[in-house]
Amino acid sequence: MIDLSWSGLRVPAIAVELDCSQKTVRCWLHRFNRSGLQGLDDQGGQGRKRRITEEERSRIIALVKSVPPGRLRWEPVGELWAFDELGPAEWTLDSLAAAARAEEIEVCRSQVRRILLAEGVRWRRTRSWTRSKDPDFVPKGQGSAASTPTRSSARR
């Protein structure tokens, strides 16, 4: 923009040449006239400030890696127990947000979701209908409706 302006082009022609608005061209020309080359540097502090600190973000990510307080574990004597029987057995966005608030991190469910997505964390809900190792387990029969397709065991 500066080079085109020094070449004698006016603001409307520069805007057409660079495919931007005239307001943008004027803004950058005024910044250059006011502060020289330093005026063209990125000025920090633009946009909304983060609501939580990097340390708080790290603590939320550490929560995801931890074992949920309600998950059952085997005691050395062979019995199942949970650190907190009323706590969540698996991490969900709601339970993570509640655990973060318990640690005095003011965060909501949607913000936890954005943090996890930004970190590349993927989660899946556990399936409760998996196969059982119990020898007395009886699997379900055919589908409940005639429209429910059955899977063939052999591929063609």
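**Notebook: helix α4 and its contacts**

I began with helix α4, where Glu 56, Arg 57, Ile 60, Ile 61 and Leu 63 are buried. Viewed down the α4 axis, the buried residues fall within an arc of 150 degrees, so they line one face of the helix. I note here that the model is predicted.

I then checked the length of α4. The helix covers residues 54-65, twelve residues in total. From first C-alpha to last, α4 reaches 17 Å. That is close to the 16 Å expected at 1.5 Å a residue.

**Entry: salt bridges**

Next I looked up charged pairs. Side chains of opposite charge can pair when their charged atoms come close. I found four salt bridges in the structure. I followed up some of them.

I took Glu 55 and Arg 59 to start with. Their closest N and O atoms are 3.6 Å apart, and the two form a salt bridge. Both sit in helix α4, and because they are four residues apart, about one helical turn separates them. I looked up how open each one is. Glu 55 is partly exposed, at 46% relative accessible area. Arg 59 is also partly exposed. Its relative accessible area is 27%.

I then asked what else Arg 59 touches. The side chain of Arg 59 meets that of Glu 103 in a salt bridge, 3.6 Å from N to O. Arg 59 lies in helix α4 and Glu 103 in the loop between α5 (93-102) and α6, so the pair ties together parts that are 44 residues apart in sequence. Glu 103 has 36% relative accessibility, which means partly exposed. I therefore wrote down Glu 55, Arg 59 and Glu 103 as a network of linked salt bridges.

**Entry: Arg 57**

Arg 57 caught my eye on the list of buried residues in α4. I looked up its relative accessible area and got 11%. The cut-off for buried is under 20%, so Arg 57 counts as buried. Which residue does Arg 57 meet in a salt bridge? I found Glu 119, at 3.3 Å from N to O. This pair links distant parts of the chain. Arg 57 is in helix α4, while Glu 119 is in helix α6 (residues 109-119), 62 residues apart. I checked the partner as well. Glu 119 has 44% relative accessibility and counts as partly exposed.

**Entry: aromatic rings**

I searched the whole structure for aromatic pairs and found one. The pair is Trp 6 with Phe 32. I read 5.8 Å from centre to centre and 70 degrees between the planes, which is edge-to-face. The two rings link distant parts of the chain, 26 residues apart. Trp 6 belongs to helix α1 (residues 2-6) and Phe 32 to helix α3 (residues 22-35).

Is each ring buried or exposed? Trp 6 is exposed, with a relative accessible area of 66%. Phe 32 is buried, at 15%.

**Entry: a nonpolar patch**

Last, I looked for nonpolar surface. Leu 72, Trp 74 and Leu 80 make a nonpolar surface patch of about 370 Å². I looked at Leu 80 in particular. Leu 80 lies in strand β2, which covers residues 80-81. Its relative accessible area is 45%, so I logged Leu 80 as partly exposed. A patch residue needs over 30% relative accessible area. At 45%, Leu 80 therefore passes that cut-off.

Conventions. Residues are numbered from 1 along each chain as its sequence is written. This is a predicted model: local features need pLDDT of at least 70, side-chain atom pairs count only at pLDDT 80 or more; totals for chains, interfaces and linings use all residues. Side-chain values use heavy atoms; hydrogens and water are left out. Patches are made of residues with over 30% relative accessible area and no salt bridge: like charges are joined within 9 Å, nonpolar side chains (Val, Leu, Ile, Met, Phe, Trp, Tyr) within 5 Å. Accessible areas come from the Shrake-Rupley method with a 1.4 Å probe; for residues, only the protein chains shown count as cover. Helices (H or I, at least four residues) and strands (E, at least two) are DSSP runs, numbered from the N terminus. Buried means under 20% relative accessible area, exposed over 50%, partly exposed in between (1.4 Å probe, protein chains only). Rings of Phe, Tyr and Trp (its six-membered ring) pair if their centres lie within 6.5 Å; planes under 30 degrees apart count as stacked, over 60 as edge-to-face and the rest as tilted. The expected span of a helix is 1.5 Å times one less than its number of residues. The arc is that of the directions from the helix axis to the C-beta atoms.
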